[in-house]
Amino acid sequence: MIATSCKNKEELQKNYEKMIQRYEALKSEGLKLDMSRGKPSKLQLDLVSDMLGVLVDHAQCIVDGCDSRNYGELAGLKCAREYWAELLGCKPSQTFVGGNASLNLMYDVISKAYTHGLTDSPRPWCREEKVKFLCPAPGYDRHFRITQSFGFELIAVEMTPDGPDMDTVERLVQDPAVKGIWCVPKYSNPQGYTYSEDTVNRFANLKPAAPDFTIMWDNAYCIHEFVGEFEPFPDIISLCEAAGRPNMVYEFASTSKVTFPGAGISVMATSEANIAYQTKLLGVQTISYDKVNQLRHVRYLKDKAHTLELMKKHAAIMAPKFEMVVRMLKEELSGQNIAQWHTPKGGYFVCVAAMPGTAKRTLELCKEAGVTMTEAGATHPYGIDPQDSMIRIAPSLPPIAELEKAMQVFCTCLQLAAWEKMLQD
Ligand SMILES: Cc1ncc(COP(=O)(O)O)c(C=O)c1O
């Protein structure tokens with residue numbers, strides 16, 4: 001339980017008044033700072049902009065006998081499928097290389113399930129009286145919004161440092177109306193947790209009541225270490241196959257935070273049967289994806305080893321920002337019992353669990369002082385954090401000096417909100 005370390009209310013009141021002065025001083029600076037979304041910084045975009053110079057020669061556009069400039073190869077260029085297979089540790093035949101965003105492929109899988117059904121059950125989800133979807137929370141708001149937009153009931157599952165609470169997941173999947181779960185297995189958004197081996201194995205060995213239960217395995221941060229070496233991760237596709245449910249999982253990734261967000265390439269990796277099924281359905285909505293961009297990416301990124309080298313350069317830009325965020329959280333907030341956080345080694349976020357009942361107020365104060373953050377509640381299904389506690393910090397975009405100022409504002413606001421509440425209570 002959170003309690004004040006101040007000896008008495010008077011002392012708390014004095015500290016609060018001092019903090020108000022600090023807040024007013026920061027506010028008068030007329031700041032306009034943004035820590036709301038996980039976007040790479042300009043430095044990171046500049047780092048990879050040589051890619052724009054690849055494919056200048058007509059002859060370079062032809063690969064393995066295929067002209068990337070023309071229609072065809074709906075599941076992606078052979079070299080692009082090989083590239084992703086090496087990165088994810090699966091087979092090229094288990095990959096489908098799409099367009100500029102993995103979120104699109106995720107949306108499509110849910111949408112096809114809704115309108116046409118999935119490989120193991122052609123009964124479309126729209127025919128079900130109720131579809132429920134598991135949402136590990138805190139989690140990624142855009143995942144939750146996809147399943148909310150189809151009218152599914154979203155069920156929050158608590159996140160632990162080892163991944164979603166698997167006892168709860170195993171219990172909930174006994175309900176045939178539960179059709180799937182969102183997962184970010186490595187450097188989860190927003191807490192930066194990596195699922196333990198046990199969690200991954202329990203996922204692969206799930207025995208859900210619904211035959212078309214689907215694990216949406218969004219491996220968005222699979223190569224995004226900013227501290228230490230690349231950490232290998234298990235291939236969920238072969239694990240599900242070995243456990244006897246090869247069609248239960250769809251894995252996703254993209255180069256959004258390797259090259260250009262919104263102008264990268266994406267992948268869906270799953271069983272060959274699922275690839276065949278989805279390719280048929282996707283072939284109705286498009287003739288082929290942007291293979292010129294696929295080839296540009298493969299020529300530039302080359303292979304896994306070369307890509308991991310590039311990720312080290314991203315890490316050199318990212319690490320000081322995360323260090324600063326964590327250092328400021330420690331300096332300003334530790335020992336007061338008003339906030340907790342995990343120090344991630346990769347991904348794009350730091351998640352602060354503020355004193356329950358103070359997240360909204362903290363962000364309201366930040367906004368008034370010119371600092372934009374991801375809305376309180378965004379980390380939970382329906383945008384409602386029942387504890388009003390989780391706050392996502394996205395340190396990647398601002399230059400370090402701006403980030404330091406934004407963190408000063410944030411820590412000031414969080415303390416103000418906590419002390420305000422303690423004084424009221
Ligand atoms: C977990 C997660 N998945 C997916 C995305 C978006 O990926 P894409 O640009 O490939 O759609 C993000 C972006 O922040 C993310 O955090």
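**Helices, sheets and burial**

Colleague: Which strands does helix 4 lie across, and how does helix 4 run to strand 10?

Modeller: Helix 4 (residues 102-115) lies across strand 9, strand 10 and strand 11. Its angle to strand 10 is about 155°. Axes are lines fitted to C-alpha atoms, for helices over the stretch in contact, and angles run from 0 to 180 degrees between N-to-C directions. Contact means C-beta atoms, placed from the backbone, within 7 Å. This is a predicted model: local features need pLDDT of at least 70, side-chain atom pairs count only at pLDDT 80 or more, and totals for chains, interfaces and linings use all residues. Residues are numbered from 1 along each chain as its sequence is written.

Colleague: How many helices and strands are there in the protein, and what makes a run count as one?

Modeller: There are 13 helices and 15 strands. Both are DSSP runs numbered from the N terminus: helices are H or I with at least four residues, strands are E with at least two.

Colleague: What makes the protein as compact as a globular protein of that length?

Modeller: The radius of gyration, taken over C-alpha atoms, is set against the globule rule: 2.2 Å times the number of residues to the power 0.38. For 425 residues the rule gives 22 Å, and the protein has 23 Å, so it is as compact as a globular protein of that length. The C-alpha trace spans about 75 × 55 × 35 Å along its principal axes.

Colleague: In which order do the eight strands of the open sheet come?

Modeller: The order is 4-11-10-9-8-5-6-7, with mixed pairing. Two strands pair if DSSP finds at least two bridges between them. Strand 4 and strand 7 (163-164) are the edge strands, since each pairs on one side only.

Colleague: How do you know that strand 9 pairs with strand 10?

Modeller: Four bridges join strand 9 (residues 214-218) to strand 10, against a minimum of two, so the strands pair. They run parallel. Met-216 has Tyr-250 in strand 10 as its bridge partner.

Colleague: And what is the order of the three strands in the other open sheet?

Modeller: That order is 12-13-15, with antiparallel pairing. Strand 12 (339-341) and strand 15 (390-393) are the edges, each pairing on one side only. Neighbouring strands here are turned by 25° against each other on average, direction ignored. Strand 13 (residues 350-354) is joined to strand 15 by four bridges. Ala-353 stands opposite Met-390, and Val-352 stands opposite Ile-391. Helix 12 (residues 359-368) lies across strand 13 and strand 15, at about 40° to strand 15.

Colleague: Which residues of strand 15 point one way, and which the other?

Modeller: Met-390 and Arg-392 point one way, and Ile-391 and Ile-393 the other. All are buried.

Colleague: Why is Asp-64 called exposed?

Modeller: A residue is buried with 20 or more other C-beta atoms within 10 Å of its own, exposed with 12 or fewer, and partly exposed in between; C-beta atoms are placed from the backbone. Asp-64 has 10, so it is exposed. The residue sits in the loop between strand 2 and strand 3 (66-67). Its phi is positive, about 50°, although Asp-64 is not a glycine.

Colleague: Why is Glu-73 called partly exposed?

Modeller: Glu-73 has 19 other C-beta atoms within 10 Å, so it counts as partly exposed. Glu-73 lies in the loop between strand 3 and helix 3. Here too phi is positive, near 55°.

Colleague: What makes Leu-52 partly exposed?

Modeller: Its count is 13, so Leu-52 is partly exposed. Leu-52 lies in the loop between helix 2 (42-47) and strand 2 (62-63).

Colleague: Which residues of helix 3 are buried, and what covers them?

Modeller: Ala-80, Arg-81, Tyr-83, Trp-84, Ala-85, Leu-87 and Leu-88 are buried in helix 3 (residues 78-88). The cover includes strand 4 (95-97), strand 10 (249-254) and helix 11 (304-333). Just after helix 3, Gly-89 takes a positive phi of about 80°. Across the 425 residues of the protein, 47% count as buried.

Colleague: Where are the cis peptide bonds of Pro-138 and Pro-190?

Modeller: One joins Ala-137 and Pro-138, with omega about 5°. Pro-138 lies in the loop between strand 5 (132-137) and helix 5 (141-149). The other runs from Asn-189 to Pro-190, with omega near 10°. Pro-190 is in the loop between strand 8 (178-183) and helix 7 (197-204).

How values were computed:
Contact = placed C-beta atoms within 7 Å.
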